[in-house]
Structure formats: C-alpha cells, structure tokens
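Here is a short report on the salt bridges of one protein chain. Have the sequence and the model open as you read.

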Amino acid sequence: MSAFIRAWKILSEVLDSQVIPPSDQSATEVSKERIKAIEATAAALKEWAVVCKALEEGRQVILLRKGGIMEYRQGFEIKHSDFFLYPTFEHQSKECLQADYVNNLDKVLQNAPMNNTNRITSCAAVVLVKEITNKSILGQLEKYHIWNDQYINVRFSYNPRRPLNVVVLRVYKLNNPLEVDVKPEITGCKSWIPVQLLLSDTKLQGRAKPQQEFDKQSCSAIDIVKPDCKPVFNDSKFTEIVTELQEVLNR
C-alpha cells in the first residue's frame, strides 16, 4: 500500500465528517456515501505557482473561489474531493501578496519550468467548503492565505450576486514530482485539467492504471496515480487548524 493511500485513509477516518457543502450554516456531517455517489473523474486544479508553494509550505490552507471548483447548476457542490495542484505562472503579481510572502514570488519565477514542461509537486483533499457573504469574516482568514486585503476585496466584490467560497484543503507533497508537457489543451483560462491529458504524457507511463480501466469507471486522482507523498501537517496539527477555521466560518 502506497504512502498516499495510507495518508488518505487516515484523513478519511479523522476528517471525513468535516467535509460540508457551503450552503450549510454550521459544520454538519456529510457521509462518505454521499461523496462517493457524486461521479467525478480525476483532475488537476490550476492555481498560481506562488500559491501552490504556500500550500506546500503550510503558509496557506484555503482557496477563495466564486464558483469554478465544484460548480453545479443547483449551486456549489463537491465535484472533486481530491485533485493535483497544477502551478501556473501567468497573472501572478507582488501587488496581490501579503508583505511576508512577496519575495517568494521571485523564487517561484526563477524556478519556472522551461522547454514547454511543467512539474506537479503536490495534491490536495477538500476538507471544508463554506460560502461567505459577510465581508467582515475575510479579515479573520488572513493568516490562512497569502493574498493581501486589496486582492481579497477585489475577489469578494467580483460578481457581487455570487457568494465567495472558502475551500479548506489538506495538502500532500509528492516525493516524486510529476513531469508533464504543457499541451495546447491545458493552456487558457480554465480551472480544471482532466487527468486524461496528463496520463497521455509518456513521462507518466507505468504510474497509472491501464487506460481501458480508467475508461470503465469514475476514478479519483488517488485511484489513477498513486505516488508516495506526505501531508504538510500531521493529523493533530491539521485537526487543530480545521477547528480554528470552523469557529471563524460558523460565526
């Protein structure tokens, strides 16, 4: 059994009941059966490379989105309970970052992939999703992300008829990064990359299920690619972080 699967089993046992839809007003329990009932193929989520770095270092544990990650016609629902983090290098700006993390952008850009390749170094599991309509709560989330107040205010104000979704992630660092080619299908302003596009890369041959098995069923990132990895936080520390976040988000 790989380290990734062992880590996932621990996460499921300790924090499965913390996974909630954002429409709930309190941290109510959602069964494993409900999550498994939602069909989803594995995916990689595109996010700023500097944010991926912050997530991998434990400086950040949340994403802020207005739709996109798990959007359904009836509202925001869990579509991908786990996914790879695909770093992007466009649109990043020091003007959007908190002072303590500004200099890290230079380091990220210095290590940007060359020759039309990219590197996936982490994956994440969704632990909590909550809608935010009260702007005052945003200031209490400052220590859980690297964006500055100006950028957060822009995100909150964009499309004001839609709530802002706080997505709490448990992040796992891959011991063996995935090297992938940057194909035309991957580029552009889209949030998700189907794992099929990554599996077609010869660099991933031998690390995934046979393609015919993938086609037969809906699989998660865990099912398809099982690299060894380790969580950024141990179980005790991460449970503490989630408890803190729940107290803020349920006010």
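What follows covers the chain as a whole, then three of its ion pairs.

This is a predicted model, in which local features need pLDDT of at least 70, side-chain atom pairs count only at pLDDT 80 or more, and totals for chains, interfaces and linings use all residues. Residues are numbered from 1 along each chain as its sequence is written, and side-chain values use heavy atoms, with hydrogens and water left out.

## The chain

The chain holds nine helices and nine strands. These are DSSP runs numbered from the N terminus: helices are H or I with at least four residues, strands are E with at least two. Of its 251 residues, 50% are buried. Buried means under 20% relative accessible area, exposed over 50%, and partly exposed in between (1.4 Å probe, protein chains only).

About 12500 Å² of the chain is exposed, and carbon and sulfur atoms supply 48% of that area. Accessible areas come from the Shrake-Rupley method with a 1.4 Å probe; for residues, only the protein chains shown count as cover.

Now take contacts (heavy atoms within 4.5 Å). Among those with a separation of 6 or more, 80% join residues 24 or more positions apart.

## Salt bridges

The whole structure contains nine salt bridges. The term means a side-chain nitrogen of Lys or Arg within 4 Å of a carboxyl oxygen of Asp or Glu. Three of them are tabulated here.

| Pair | N to O distance |
|---|---|
| Arg-65 and Glu-47 | 2.9 Å |
| Lys-53 and Glu-57 | 2.7 Å |
| Lys-173 and Glu-56 | 3.9 Å |

Start with Arg-65 and Glu-47, which meet through their side chains. This pair links distant parts of the chain: Arg-65 is in strand β2 (residues 62-65) and Glu-47 in strand β1 (residues 43-48), 18 residues apart. Both residues are buried.

Glu-57 and Lys-53 share helix α3 (residues 49-57). They sit four residues apart, about one turn of the helix. Glu-57 counts as partly exposed because its relative accessibility is 46%. Lys-53 has a relative accessible area of 23%, so Lys-53 is partly exposed too.

Which elements does the pair of Lys-173 and Glu-56 link? Lys-173 belongs to strand β7 (residues 164-181) and Glu-56 to helix α3, with their positions 117 residues apart in the count. Lys-173 has a relative accessible area of 32% and is therefore partly exposed. Glu-56, at 18%, is buried.
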